[in-house]
Amino acid sequence: MAYSEKVIDHYENPRNVGSFDKDDQNIATGMVGAPACGDVMKLQLKINADGVIEDAKFKTYGCGSAIASSSLVTEWVKGKTLDQARAITNTEISAELALPPVKIHCSILAEDAIKAAIDDYRSKHPNK
Amino acid sequence: MKLPIYLDYSATTPVDPRVAAKMIQFLTAEGEFGNPSSRSHRFGWQAEEAVDIAREQIADLINADPREIIFTSGATESNNLAIKGAAHFYGKKGKHIITSKTEHKAVLDTCRQLEREGYEVTYLDPQTDGIVTPAQLKDALREDTIVVSLMHVNNEIGVIQDIAAYGELCRANKTILHVDAAQSAGKIEIDVQAMKVDLISFSGHKMYGPKGIGALYVCRKPRVRLEAQMHGGGHERGMRSGTLATHQIAALGEACRIAKEEMSAENERVLALRNRLLEGVSDMEEVYINGSMDHRVAGNINISFNYVEGESLVMALKDLAVSSGSACTSASLEPSYVLRALGRDDELAHSSIRFSIGRFTTEEEIDYAIKIIRQNIGRLREMSPLWDMYKEGIDISSIDWSHH
């Protein structure tokens, strides 16, 4: 399968690989996918007092497109508010990476990871 | 050393230069381009002689009579002709067919077609090491079983089945035994007399011959009858019509000649390389071999690198031409049905890589492969949330994953 240059770039030089302490109150963690399906994405956001995403990290088990999708969203969410981050859609991700139709699920997973992380943050901070 | 390194000999092999040199002799006006069926002039006679020699060479490789060899376009066609041909011919005797879940799609899809035509098919479940035991076959055989189709060597995991034992059982039951030998011909000994096989499929391009040519062995004693699938000029004793492709047939013959002469030396060399590769990676954590190591063809090793997804590993190993059982390398998004039939977890099936080694693989290439496999497994595991969980002692099967 031929990949776009952007997928290969993110795959070979993934941005923001790593982890934050998931128990930290300012850290939001979203883990989506399933090993049996061949994709698991963990996305973590560091959120400041103003509700802005200061930093993001990911770890992904999955194909090249899944790794590239998660790497891309760590770049995109930085500096965004939670509502802005929640507005990121899989179509934007797949368009940016020029994902082929069979890889669209990777971009859906990345969108789900953002939403799961935000939900985690809101469960830690019910008033925000 | 040229990159990428070809480690996918089970998918196809390069044509041996000696085979290519032979093939070229039967194409141009200067060569022997005639139609082997032309009886009225020397162009035809020369081509016919080339076909006869090739038929002899193929028969020689498997201890058969040349009259028992039918040329086809490849193993897929041979499998179709053997299974459908026998099932249709003997359909009045019974409607039951036996095969296994780890057969090649050319066999499985053919059996599915026969099911649509009203035949009943039993799909045997191999053991966890990929072997279908003779006892399993014995239990499944019935009075109305007309055809058994089981492969000699599996294309994904390289395990070798006990064909001689199947042969005894089938002959005693008066059932036709078809064997798909695409992955074994020229690599391990096949003796049709000793094995009591009725039909055997061969592929040219898996044994350093060209693509587009194969053969079917059709036993004469006892006589096996087939209903033709391709009708026309009555070539190949009416079982497979179509002008004989002299250049491809001569090439297949030459490939068989070389295989017979060099098989034992080549096997020794290939096995040493396979073991070198295995030793080079097997000390890493969470590495699993798929399929029996005791009954396995020399050139194949299938390894699951747990917590690393196969397609991303294939992408990382871009200097190695290998294949993966991961869903992501197929259009279907299903992981390898062969590994699943062995009872492997989906995770391990997704994490599997098949390395297949052959005639032109070198020690230097294997050493380079080991180096980049180790580097990239480490890099991808650092990126894998499942690896983190494994390291923290979390059992990933205990987690309620949100399935898509």
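Visitor: Which residues of strand 7 of chain B are buried on one side, and which on the other?
Guide: This is a predicted model, in which local features need pLDDT of at least 70 and side-chain atom pairs count only at pLDDT 80 or more, while totals for chains, interfaces and linings use all residues. Residues are numbered from 1 along each chain as its sequence is written, and chains are lettered from A and ligands numbered from 1 in the order in which they are written. Strand 7 spans residues 199-203 of chain B, and 5 of its 5 residues are buried (20 or more other C-beta atoms within 10 Å of a residue's own, exposed being 12 or fewer and partly exposed in between, with C-beta atoms placed from the backbone). One side carries B:Leu199, B:Ser201 and B:Ser203, and the other B:Ile200 and B:Phe202.

Visitor: Which residue of strand 8 of chain B is the bridge partner of B:Phe202?
Guide: Strands here are DSSP runs of E, at least two residues long, and helices are runs of H or I of at least four, both numbered from the N terminus. Strand 7 of chain B pairs with strand 8 (residues 214-218) of chain B in the antiparallel sense over 5 bridges; pairing needs at least two DSSP bridges. In strand 8, B:Phe202 has as its bridge partner B:Ala215.

Visitor: Which residue of strand 8 of chain B is the bridge partner of B:Thr72?
Guide: B:Thr72 belongs to strand 2 (residues 69-72) of chain B, where B:Ile70 and B:Thr72 are buried on one side and B:Ile69 and B:Phe71 on the other. Strand 2 runs antiparallel to strand 8 of chain B, and 4 bridges join them. The partner of B:Thr72 in strand 8 is B:Gly214.

Visitor: Which residue of strand 7 of chain B stands opposite B:His178?
Guide: Strand 6 (residues 176-180) of chain B runs parallel to strand 7 of chain B, and 3 bridges join the two. Opposite B:His178 in strand 7 stands B:Leu199.

Visitor: Why does B:Val179 count as buried, and how many C-beta atoms surround it?
Guide: B:Val179 sits in strand 6 of chain B. Leaving aside neighbours within four places in sequence, its contacts (C-beta atoms, placed from the backbone, within 7 Å) are B:Leu150, B:Met151, B:His152, B:Ile163, B:Val197 and B:Ile200. B:Val179 is buried because the number of other C-beta atoms within 10 Å is 28.

Visitor: Are helix 3 and helix 4 of chain B roughly parallel or roughly antiparallel to each other?
Guide: Helix 3 (residues 75-89) and helix 4 (residues 105-116) of chain B pack with their axes 9 Å apart, at an angle of about 30°. Axes are lines fitted to C-alpha atoms, for helices over the stretch in contact, and angles run from 0 to 180 degrees between N-to-C directions. Angles under 35 degrees count as roughly parallel, over 145 as roughly antiparallel, 65 to 115 as roughly perpendicular and the rest as oblique. Helix 3 and helix 4 of chain B are therefore roughly parallel.

Visitor: How many nonpolar, polar and charged residues make up the contact of helix 3 with helix 4 of chain B?
Guide: Helix 3 contributes residues including B:Asn79, B:Ile83 and B:Ala87, and helix 4 residues including B:Val107, B:Cys111 and B:Leu114. Ala, Val, Leu, Ile, Met, Phe, Trp, Tyr, Cys and Pro count as nonpolar, Asp, Glu, Lys and Arg as charged, and the others, Gly among them, as polar. The contact divides into 7 nonpolar, 4 polar and 1 charged.

Visitor: Which strands stand at the edges of the open sheet of 3 strands in chain A?
Guide: The sheet has the order 1-2-3, with antiparallel pairing. Each edge strand has a single partner strand, so one side of each is left without a neighbour in the sheet: strand 1 (27-34) and strand 3 (53-61) of chain A.

Visitor: Which residue of strand 13 of chain B is the bridge partner of B:Ile303?
Guide: An open sheet of 4 strands in chain B has the order 9-10-13-12, with antiparallel pairing. Within it, 5 bridges join strand 10 (residues 300-305) to strand 13 (residues 352-356) of chain B. In strand 13, B:Ile303 is partnered by B:Ile353.

Visitor: How many residues does each chain bring to the contact between chain A and chain B?
Guide: The side of chain B that touches chain A has 12 nonpolar, 7 polar and 5 charged residues. The count is 24 residues from chain B and 22 residues from chain A.

Conventions
Two residues are in contact if their C-beta atoms, placed from the backbone, lie within 7 Å.
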